[in-house]
Each structure stands twice: as C-alpha cells, then as structure tokens.
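Got your viewer open? Here is a short tour, one selection at a time.

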Amino acid sequence: MIQDFFRKDLSDFESYNAGKTDYKVRLNANESFDNLGEAVRREIGKVIENSIYNRYPDADALEVCELYSLYANVNKTNVMAGNGSDECIQIIAHTFLNTGEKVAMQSPDFSMYGLYTKVAGGIPIEFPLSDELELDVQGFISMANREKVKIVFLSNPNNPTGNIIKREDIISIIEGCKCIVVIDEAYFEFYGQSILDKIDTYDNLIVLRTCSKIGLAAIRIGFMITNNVLMLELKKVKPPYNVNAITQSITSVILKNPEIINNNVKNIIVERSYLWEKLSNIDGLRLYKAEANFILVEVPNAIKVKKRLIEESINVRSFSTGPLKNCLRITIGSRQENDSLLTNLI
Ligand SMILES: *Cc1c(COP(=O)(O)O)cnc(C)c1O
C-alpha cells in the first residue's frame, strides 16, 4: 500500500486551511488595511518590467538583507531573509532538532511553532498562560530546563493574545533557558520595543521579523536576525534561492522608502486607538492589551457574534474552545471597516 511509505507521525495532520477570502471586510488575518499607494505601485511596475527572468535570484538576497539591516539598525551579516518569517521558523526547527527533541512555547501562541516542530520530528511542549493570559516567567524557565528543550519560541507581542513579555523578563528567559531562544517580533512596529540590541550579547538568541503585518503580506518576506555563530549553522539548512527575484525587488523598493512603512504603521495605530475607545464603551466586552495590529476581545457568545458578522460579510478570527473561548481577534481595519464592525458587533 502506498500509505506504508507515509510518515505515521503525520497521520493526524491536516493541510492548512486559510478559509474563504472574499469577505467585504477582512479583519481576520492581521494584514495591513491599506494597499501600497499608486505612485509606489507604479515604481514597482517598472522594476518588474525590467526584471531578469531567466536567471536565478540572488541566493542570499544580499541587497534586501543589507537594506533591512539599515531599517533594523543591525549589522548586515546578522540578517537572513526568508519566504515569510514562517519559513524562518521552519529553518530554525530543522537546524536544531533531532527526532524526539522538545520545543517549549506558550499556549496560546502562534500555531506554526508547534506545526514546524512536529514536521521536523520534534515534540512541542505547551506552557499554559494564566487566566489573564500572562506568562509565569520563572515557571516557564523551570519547565523548559526540566524538559531539556532544545528551542523556545515566544511571540512578543503574542499573537493571538496581544500580551507583552516585559524586556527584563525576556532577558531572564534568554539567560535562564539553556537552549536556543527565538523571540518573534512580528508586531514590533506596533509595539515599538525590541530585543534586537542583544543579539551579540547572548549566544542563544534569534529574533524574527516580518513585512507581512506592515503592508507586504502578498509578497512573502520575513527575516531572522542573530549572531554570526548561529547564522552559520542556520545557513546550512536555508534553501538556496528561497526568496524569489520579484519579492527581492519589491522589498528593496519599499525598504529604500521606509516612510511608506512608517506612515502605514502610524495610520494603523490611530485606528487602533479609535477601535479600542469605541469597544471599551460597549458593555459586556472584555478587552485585552492591544500592542499589535489587532484587539482580542471576549464577548458573551462568540459563535453568535461571528455568525452575525459573517452574514454582513465581515470576517474576524474567533475561538470557540480552549483558553480563548468566546474571544474574537479583530484586526485593525480602516475607519469605514472598523465602523461596520462596530455597528454589527452588538
Ligand atoms: C503573522 C505572523 C508570522 C508570520 O509571518 P509571515 O512573515 O507572513 O510568515 C509569524 N509570527 C507571528 C507571531 C505572526 O503573527
């Protein structure tokens, strides 16, 4: 039987289902609500017209890494580009894990940490957050060392909770956990604090970044930033040519004009304040800290609310079981999108 060749440990896996995308108001995937402006899209059009299609792209996306190093204020040799930061997570798992080795993460946190751990043959160890969705830092460090985990993955701000791990706590985790510590700063631009300045202080720190939340989800570009020793090891596993030429060109155009990103982020933060303010005036909702480009809110009956929103072609992320039961994760939209959400929420 052909199934005899399949991996037994993948038997209960399901393919990722991103769901229907043709909703009028899409507040479910933490994308930026604004497309790039017309002028920059025209500039990109010219770059695409002049692209070289018959040759492989730069295998290490050197120009993009250099521009990102200027954006992030790090050394260019400390930056690796990935096909989204998703690919970076996968490269990390495959670089450090042998079959049966463990990886620690919060629960809830970004689901791809567990997925790529398992695909690499590892075992995810989930550490539950408190009822307030906060992390018991000392408890987490003890667990990681007791379980002898190889890697720790933490998103900060946390997706989907929005919760923050304070800088001194991140440092305690990096110093306390005897393993690779990956801090995923996918929402850095909306929070403003980073641990990037410590990549050369610690031999076990890797920081992840992405352009998906700041207006470039379509082109798949993410980064990992770490010290030279870990970088050499990660490069052994990185697929060559993993970032295609068109993505490299478009990313370069944007990173040469960082005000495009900054303006986009500013607009999203203005709308975040607006939506927060409006939501906090509605009785019966519980709002969680919002330092990213989404707001997690507990409603009396998430299934009912979600159904009503879908009828109006408004999509949000909902959770029907587990610690986030009755919570909605609402991506910040444009003023008009936020208003139609608010009108239909209650
Ligand atoms: C969205 C997200 C990512 C994935 O980003 P891509 O670059 O689009 O792959 C990674 N980590 C977290 C926490 C995210 O929310």
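One term to pack before we set off: a residue is called buried when its relative accessible area is under 20%, exposed when that value is over 50%, and partly exposed in between, using a 1.4 Å probe and the protein chains only. This is a predicted model, where local features need pLDDT of at least 70, side-chain atom pairs count only at pLDDT 80 or more, and totals for chains, interfaces and linings use all residues. Residues are numbered from 1 along each chain as its sequence is written, and side-chain values use heavy atoms, with hydrogens and water left out.

**Stop 1: the ligand**

Select the ligand and show what surrounds it. There are 14 residues around the ligand, and D184, Y187, T210, S212 and K213 come nearest (being near takes a heavy atom within 4 Å). Sorted by type, this shell holds 4 nonpolar, 6 polar and 4 charged residues. Here Ala, Val, Leu, Ile, Met, Phe, Trp, Tyr, Cys and Pro count as nonpolar, Asp, Glu, Lys and Arg as charged, and the others, Gly among them, as polar.

Now zoom in on D184: one of its polar side-chain atoms sits 2.5 Å from a nitrogen atom of the ligand. Over at S212, a polar side-chain atom is 2.6 Å from an oxygen atom of the ligand. S85 uses its backbone instead, with a polar atom there 2.7 Å from a ligand oxygen. How much of the ligand's accessible area does the protein cover? It covers 94% of the 380 Å² that the ligand has on its own, with areas from the Shrake-Rupley method and a 1.4 Å probe.

**Stop 2: Y187 and its partner**

Stay with Y187 and add F294 to your selection. Rings of Phe, Tyr and Trp (its six-membered ring) pair if their centres lie within 6.5 Å; planes under 30 degrees apart count as stacked, over 60 as edge-to-face and the rest as tilted. The search of the whole structure turns up 7 aromatic pairs.

Look at another of these pairs for a moment: Y56 and Y241 have ring centres 4.5 Å apart and planes at 15 degrees, so they are stacked. Y56 is in the loop between helix 1 (38–49) and helix 2 (62–72), while Y241 is in the loop between helix 8 (228–235) and helix 9 (245–256), 185 residues apart. Y56 is exposed at 65% relative accessible area, and Y241 is partly exposed at 37%.

Back to Y187 and F294: their pair is edge-to-face, 5.3 Å centre to centre with 80 degrees between the planes. Y187 is in the loop between strand 6 (180–184) and helix 7 (188–191) and F294 is in strand 10 (residues 294–298), so the pair ties together parts 107 residues apart in sequence. (Helices, H or I with at least four residues, and strands, E with at least two, are DSSP runs numbered from the N terminus.) Are these two rings buried or exposed? Y187 is buried at 2%, and F294 is buried at 1%.

**Stop 3: the cysteines**

Select C177 and C211. Why does the disulfide count come to 0? A disulfide needs a pair of cysteine sulfur atoms within 2.5 Å. The sulfur of C177 has its closest cysteine sulfur in C179, 5.0 Å away, which is too far for a bond. For C211 the closest is in C88, at 11 Å, again too far.

Key:
A polar contact is a pair of N or O atoms within 3.5 Å; within protein, one must be able to donate a hydrogen and the other to accept it, and residues adjacent in sequence count only if both atoms are side-chain atoms.
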